[in-house]
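Welcome! Here is a short tour of one protein model, written for someone meeting it for the first time. Please keep the view open as you read.

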Amino acid sequence: MASGLLSAAHAQPAPFDRSIVRQMARDLASKPYQAPSEKLPDNLVNLDYDRYRAIRFLPDRALWRGEKLPFEVQFFHRGFFYKNRVDLFEVKDGQATPIAYRPDLFSFGELEPPGPAVDLGFAGFRLHAPINKPDYYDEVCVFLGASYFRAVAKGQLYGLSARGLAINTGEAKGEEFPFFKTFWIEKPAQGANSIVVHALLDSESAAAAYRFTIRPGDTTVFDVEMAIYPRVDLTQAGLAPMTSMFFFGSNDRKDVEDFRPSVHDSDGLAVFNGRGEELWRPLHNPRDLQVSSFADLNPRGFGLMQRQKDFSAYQDLESNFERRPSLWAEPIGDWGEGEVKLLEIPTKEEIHDNIALFWRPKAALPAKGEHTYTYRLHWGPDAPKSTSLARFSRTGIGTRGDNATLFVLDVTGERLKSVDPKSLRGVVTAEKAKIQNIVTQPNPATGGWRLSFELLKEKTPVELRASLMQNEEAVSEVWVYRWTP
C-alpha cells in the first residue's frame, strides 16, 4: 500500500528537520511532566498475552509496500503491556505527515475491532528490509515499549534490547522509565542502504531528542545522536543502556536441573576502556543483586556479548541462543569521566531480562541544560575487533574438594599461534583471597590455550583478574570476575 493511503486524509504536511525534535524536547522539559495517555476501549484494556498476540498487523498494509524501496514499516497495536499512545509521522521531501491509526490495518482475532472513527495511535513499529534474501523483507528492528528497541543482523534472531535512556536504574528509590512518545520516519531513496528515524522521549526527570541512522547488514549499525534536556539535575543517568538475560551457563549452574548446558541471550560484558585495556567479565545469575562498576575516562566501547556460537553449548531447538546478537556501544567523541555499570539481578526463570548495562557520567547532568552525546550501536555476531589480543571464550567453574573452587578458562585467538609456549604464563590475582595451582596448557580442541587455577574458599565475594602473558607482554584481554559464595 502506498504511503499516502496510510496518512490521515485531513492532516496537512508540516515542515520538518532534525532541529524541530530538539526544540520540542526543550519545550517539553520547560513544562511540568504529563504522563502519557493509556486510554483504550474497554475490550482492549486488560488483554492477556495470547489475546494481544492475536492482534496482528496486515503485512500488505505496510508503509511503502509495493514501492520497491529498501525498507517497509509495520505497526504495533496498543494493549497488554503497551498501553502508551505513540504518534508516528512519515517524512518526505522535508515535510512530516501523520500516519493515521485505522482498525483495518490489523486483524483482531476474536476481539471486536474499534470503531472506524476511533484514533488510538500506535504502540510502536518495526522496520523490514531484505537482509537475508534479496526478495524477502525480514524484520530487522523494532521500537516497542517505553524507550526499548531491538535489532538483528543477517541470520540472527532477536535477543537483548537497547534503551533510549536509563534513569535511577538499580537505585533504592526505584527506576524511572522514559518513553518514546513520537517518531518521525524518513522515507528512504531508491537503493538506499540506511534509513533515518527521529524520536522524542519524555520522562518525569527529562526530555530528549534522538536521531537514529540504521544500516542493516552482516552487522546492523545504529548511529545515535542524542540531546538530553533535564527537568531536574540528573545524578543517576544511564547512557547507551542495554538489557539482556542470563539464566545459567558453564560458570553458573547452581541449583539448576535442565537438559540444556546454557541458557542466556548474552554471556559476558566486554569493555575497551580509555586506557587501552580490554576487559571480559562473564555474566552471572547471582543469589543476591550484584552491582559492578568499571571507572573510566573516555571509554572506547562496551557491550553485552554472546560469544558462544555453537548449538552444542545450548541444545535448544526452539530458542536458538547461538543466533542471538551481541551489542556493542561505541562512543563517538569524548564522554569524560564516569563508569560502565553492570547490574546482575537474581532470576529463577529465563523469561526475565535480569542484566542491565550502561554508562553513567561522573558529573550530574544539570537541569535546564542541553547535553549531547553521539554513539554507534553494533548489533551482530561480535564486537568490532579492537586489537589482536586473544579472547576468553569459555569460563567453567566447579569445586575442588572441600576447600577450593576450580576455575577453567579457555582462551582463543590468532595471537596465540605465534607465541613461544615456553614464555607463556598465566597471571591470576585475587582481592583478599588466596590463589593456588595456576596451570597454563595448550587446548588442542580449540587451537587455543587453557588457564586454570584454584581459589581457596571464602565467605565473602572475591574480585578476580586473569590474563595470559608472554614474558612481560599481554597476549590476551583481561578476564575479570566477581566470585560470590
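Ring pairs join Phe-125, Phe-143, Phe-149, Phe-180, Phe-183, Tyr-210, Phe-212, Phe-222 and Trp-379 into one cluster. Rings of Phe, Tyr and Trp (for Trp, the six-membered ring) pair if their centres lie within 6.5 Å; planes under 30 degrees apart count as stacked, over 60 as edge-to-face, and the rest as tilted. The model is a predicted one, in which local features need pLDDT of at least 70 and side-chain atom pairs count only at pLDDT 80 or more, while totals for chains, interfaces and linings use all residues. Residues are numbered from 1 along each chain as its sequence is written, and side-chain values use heavy atoms, with hydrogens and water left out.

A search of the whole structure turns up 39 aromatic pairs. Two of them are set out here.

| Pair | Centre to centre | Angle between planes | Type |
|---|---|---|---|
| Phe-81 and Tyr-82 | 6.4 Å | 80° | edge-to-face |
| Phe-407 and Phe-453 | 4.9 Å | 5° | stacked |

The stacked pair links distant parts of the chain, since Phe-407 belongs to strand β28 and Phe-453 to strand β31, 46 residues apart. Strands (E, at least two residues) are DSSP runs numbered from the N terminus.

Are these rings buried or exposed? Phe-407 is buried, at 0% relative accessibility, and Phe-453 is buried with a relative accessible area of 0%. Buried means under 20% relative accessible area, exposed over 50%, and partly exposed in between, for a 1.4 Å probe and protein chains only. In the edge-to-face pair, Phe-81 is exposed at 66%, whereas Tyr-82 counts as partly exposed at 24%.

Now to the strands that carry the stacked rings. An open sheet of four strands runs in the order β27-β28-β31-β30, with antiparallel pairing. Its edge strands are β27 (391-400) and β30 (435-443), each of which pairs on one side only. On average, neighbouring strands of this sheet are turned by 15° against each other, direction ignored. Strands β28 (residues 404-412) and β31 (residues 448-456) pair in the antiparallel sense over eight bridges; two strands pair if DSSP finds at least two bridges between them. Val-408 has Ser-452 in β31 as its bridge partner.

Rings can also meet charges. The charged end of Arg-307 sits over the ring of Trp-280, 3.7 Å from its centre, and that of Arg-281 sits over the ring of Tyr-481, 6.0 Å from the ring centre. Here the CZ of Arg or NZ of Lys must be within 6 Å of the ring centre and within 35 degrees of the ring normal.

Where is Lys-309? Lys-309 is in the loop between β22 (301-305) and β23 (326-332), and it counts as partly exposed at 29% relative accessibility. Leaving out residues up to four places away in sequence, Lys-309 touches Glu-322, Arg-324, Ser-326 and Pro-381, where contact means heavy atoms within 4.5 Å. Lys-309 and Arg-324 are 15 residues apart in sequence, and their C-alpha atoms are 8.7 Å apart in space. The side chain of Lys-309 reaches the backbone oxygen of Gln-306 at 2.8 Å, and a polar atom of that side chain lies 3.2 Å from the backbone oxygen of Pro-381.

Last comes Gln-470, in strand β32 (residues 462-470). Gln-470 is buried, at 17% relative accessibility.

Terms used:
Polar contact = N/O pair within 3.5 Å; in protein donor to acceptor, adjacent residues only side chain to side chain. Axes fitted to C-alpha atoms, helices over the stretch in contact; angles between N-to-C directions.
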